[in-house]
Amino acid sequence: MHEMSLCESILQVLEQQAEAQQYSKVKTVWLEIGALASVETEALRFSFDVVMQGSLADHAQLEIIEVPGQAWCMPCSRNVVVQQLYDLCPHCGSHQLQVNSGDQMRIKELEVE
Amino acid sequence: MVQIEQDILAKNNRYAAENRRYFGERGMLALNLVSSPGSGKTTLLTETIARLKDDFDIAVIEGDQQTARDAERIRATGVPALQINTGKGCHLDAHRVGHALETLQPKNHSLLFIENVGNLVCPSAFDLGEAHKVVILSVTEGEDKPIKYPDMFHAADLMILNKTDLLPYLDFDSEQCIQYAKQVNPRIKILSLSAKTGEGMDSWLRWLKAELELQRIDYA
Ligand SMILES: Nc1nc2c(ncn2[C@@H]2O[C@H](COP(=O)(O)OP(=O)(O)OP(=O)(O)O)[C@@H](O)[C@H]2O)c(=O)[nH]1
Ligand SMILES: [Mg+2]
Ligand SMILES: [Zn+2]
């Protein structure tokens, strides 16, 4: 979805943090993206380069850490791995699943100057 | 190296939390209406307002890329409406909604409808501070939309299946649609109605009144 506006949000965070953390250039950005966050990583990479142009993160490298989707299955009473939001439980076939990990989009770490 | 551990949407989420506090302090019910273009959001709103405006204070925030047409349609019903044009933007964000509130000055205990930009994808990720997202799906769009655009149906608490007056002319499979929606979101509640003929509107009005009543409870 909206990878462009996500990159604009990333840039805002980088700019805000620049003052607090006292850096003027970002060389690498590590993002943690959940498998259920509906982010198309190819589109994200493309938008990232475009949005960062001329900013403090111009030409920065983007590293994406992919986090698998995990949900609590009520009938099974345990966590199961899911690939997509509408997946059924791989063990019992139920759709009574509560996603508890893998929908995050976080900036984890920066390499700065 | 700098560890920052920041949610990418943190900024939007902070503004959303402010809006949510604003609504809470005023005992307001704020609903975020989302759907693909043309599913009938504005029609549902004008029909709803016509039935409720004598008993409740209502205000509307309209999000569209261009034009003020929808806000004008709302104002014609006699309730205040503010149009936000997002330009290239494909969704409303909590910051712009916060500014709209300053201008609109909704009354205490009022019902605030936020009609989002017609788009089944992007608005799902942007919390506006609403009590609930309400997704509207019209029967002309096909029963598979909940599994094609799962994020939106996952994020919504209520789904309204609109334009049921057209069912005789289509081979839309309502049961399958409902099953798909529950597959993506087991907790979703579903209402079927026709904003045009008014069939099924009663349940929606009852849902609104019940939700509004819940916001009026003053918690310590
Ligand atoms: N038959 C039928 N037509 C409807 C119904 N509800 C809305 N429409 C028609 O659907 C069209 C789109 O309605 P709108 O209310 O403008 O839809 P919208 O979701 O606000 O559209 P956007 O704001 O542009 O995304 C209009 O021609 C409405 O008259 C309904 O229940 N039945
Ligand atoms: Mg509209
Ligand atoms: Zn299971």
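This report looks at a zinc site in chain A and at the surroundings of ligand 1 in chain B of a predicted model.

Residues are numbered from 1 along each chain as its sequence is written, and chains are lettered from A and ligands numbered from 1 in the order in which they are written. In this predicted model local features need pLDDT of at least 70, side-chain atom pairs count only at pLDDT 80 or more, and totals for chains, interfaces and linings use all residues, while side-chain values use heavy atoms, with hydrogens and water left out.

Let's start with the metal. The SG atoms of A:Cys73, A:Cys76, A:Cys89 and A:Cys92 coordinate the zinc ion (ligand 3) at 2.2 to 2.3 Å; donors are N, O and S atoms within 2.8 Å of the metal (3.2 Å for Na, K and Ca). Along the sequence, these donor residues follow the spacing C-x2-C-x12-C-x2-C. The site is tetrahedral, with angles of 105 to 116° among its 4 donor atoms; four donors earn that word if all angles lie between 85 and 135 degrees.

Now for ligand 1. Of the 19 residues around ligand 1, those coming nearest include B:Lys41 and B:Arg73, where a residue counts if one of its heavy atoms lies within 4 Å. Three side chains place an N or O atom at these distances:

| Side chain | Ligand 1 atom | Distance |
|---|---|---|
| B:Arg73 | oxygen | 2.9 Å |
| B:Glu115 | oxygen | 2.9 Å |
| B:Asp165 | nitrogen | 2.7 Å |

Taken alone, ligand 1 exposes 650 Å², and the protein buries 72% of that (Shrake-Rupley method, 1.4 Å probe).

Methods
Tetrahedral: all angles 85-135°; square planar, octahedral: opposite > 155°, others 65-115°. Polar contact = N/O pair within 3.5 Å; in protein donor to acceptor, adjacent residues only side chain to side chain.
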